[in-house]
Amino acid sequence: MDAIEFVEKEMSQVKEFPKFGPGDTITVHYKIKEGNKERIQNFRGVVIQIKGKGNTKTFTVRKIASNGVGVERIFPIASPNIEEIEINKYGKVRRARLYYLRGLKGKKARIKQKRVN
């Protein structure tokens, strides 16, 4: 098998996900292995950044846990553990990296919703 066939084989295994960007609220259905069992865990939050190109592309999702502590998780887009990505809201932002959300709480951390017709 030469390099071209290898790359084509790898690219055919990458799942297609809906298009999303920074500021969007998404739910990532992620496979988690615990011992010999496997289950799907949902991680719902705001996309604060997207980095990289092609197979090395990653995106960071931030959510607020039940006790008010922010939790961020970085997902590789080509991960076989991502079962599905669901878009809940499209956000209207003017930045590509939303690191300023880390310092905001409550109503100040809200993002305006984009109108989708």
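Helices (H or I, at least four residues) and strands (E, at least two) are DSSP runs, numbered from the N terminus. This is a predicted model, in which local features need pLDDT of at least 70 and side-chain atom pairs count only at pLDDT 80 or more, while totals for chains, interfaces and linings use all residues. Residues are numbered from 1 along each chain as its sequence is written, and side-chain values use heavy atoms, with hydrogens and water left out.

Going by those runs, the protein chain has 1 helix and 5 strands, and from the N terminus on the order is α-β-β-β-β-β. Its C-alpha atoms fill a box of roughly 55 × 35 × 25 Å along the principal axes. Of the 117 residues, 25% count as buried, a word that here stands for under 20% relative accessible area, with exposed for over 50% and partly exposed for anything in between (1.4 Å probe, protein chains only). Contact means heavy atoms within 4.5 Å; among contacts with a separation of 6 or more, 50% come from residues 24 or more positions apart.

As for the outside, the protein chain exposes about 8900 Å², and carbon and sulfur atoms supply 49% of that; these areas come from the Shrake-Rupley method with a 1.4 Å probe, and for residues only the protein chains shown count as cover. There are 27 positive and 12 negative side chains, and the centres of the two sets sit 17 Å apart. In that tally Lys and Arg are positive and Asp and Glu negative, with His and the chain ends not counted; each charge is placed at NZ of Lys, CZ of Arg, CG of Asp or CD of Glu.

Threonine 27 makes a handy starting point for a closer look. This residue lies in strand E1 (residues 25-34) and, at 6% relative accessibility, counts as buried. Its side chain is joined to that of asparagine 88 by a polar contact of 2.7 Å. Such a contact is a pair of N or O atoms within 3.5 Å; within protein, one must be able to donate a hydrogen and the other to accept it, and residues adjacent in sequence count only if both atoms are side-chain atoms. Leaving aside neighbours within four places in sequence, threonine 27 is in contact with Asn42, Phe43, Arg44, Glu84, Ile85, Glu86 and Asn88.

Glutamine 49, placed in strand E2 (residues 37-51), is buried too, at 9% relative accessibility. Its side chain makes a polar contact of 3.3 Å with the side chain of arginine 97. Beyond four places in sequence, the contacts of glutamine 49 include Thr58, Phe59 and Tyr99.

Then there are the rings. The structure holds 4 aromatic pairs. The rings of phenylalanine 20 and phenylalanine 59 have centres 5.0 Å apart and planes at 70°, so this pair is edge-to-face. Phenylalanine 20 belongs to the loop between helix H1 (3-13) and E1, and phenylalanine 59 to strand E3 (residues 58-64), 39 residues away. Rings of Phe, Tyr and Trp (its six-membered ring) pair if their centres lie within 6.5 Å; planes under 30 degrees apart are stacked, over 60 edge-to-face and the rest tilted. Phenylalanine 20 is buried at 14% relative accessibility, and phenylalanine 59 at 1%. Ring pairs link Phe20, Tyr30, Phe43, Phe59 and Phe75 into a cluster.

Finally, leucine 101 is found in the segment after strand E5 (82-89) and is buried at 6% relative accessibility. Leucine 101 and valine 46 are 55 residues apart in sequence but 9.6 Å apart in space, C-alpha to C-alpha.
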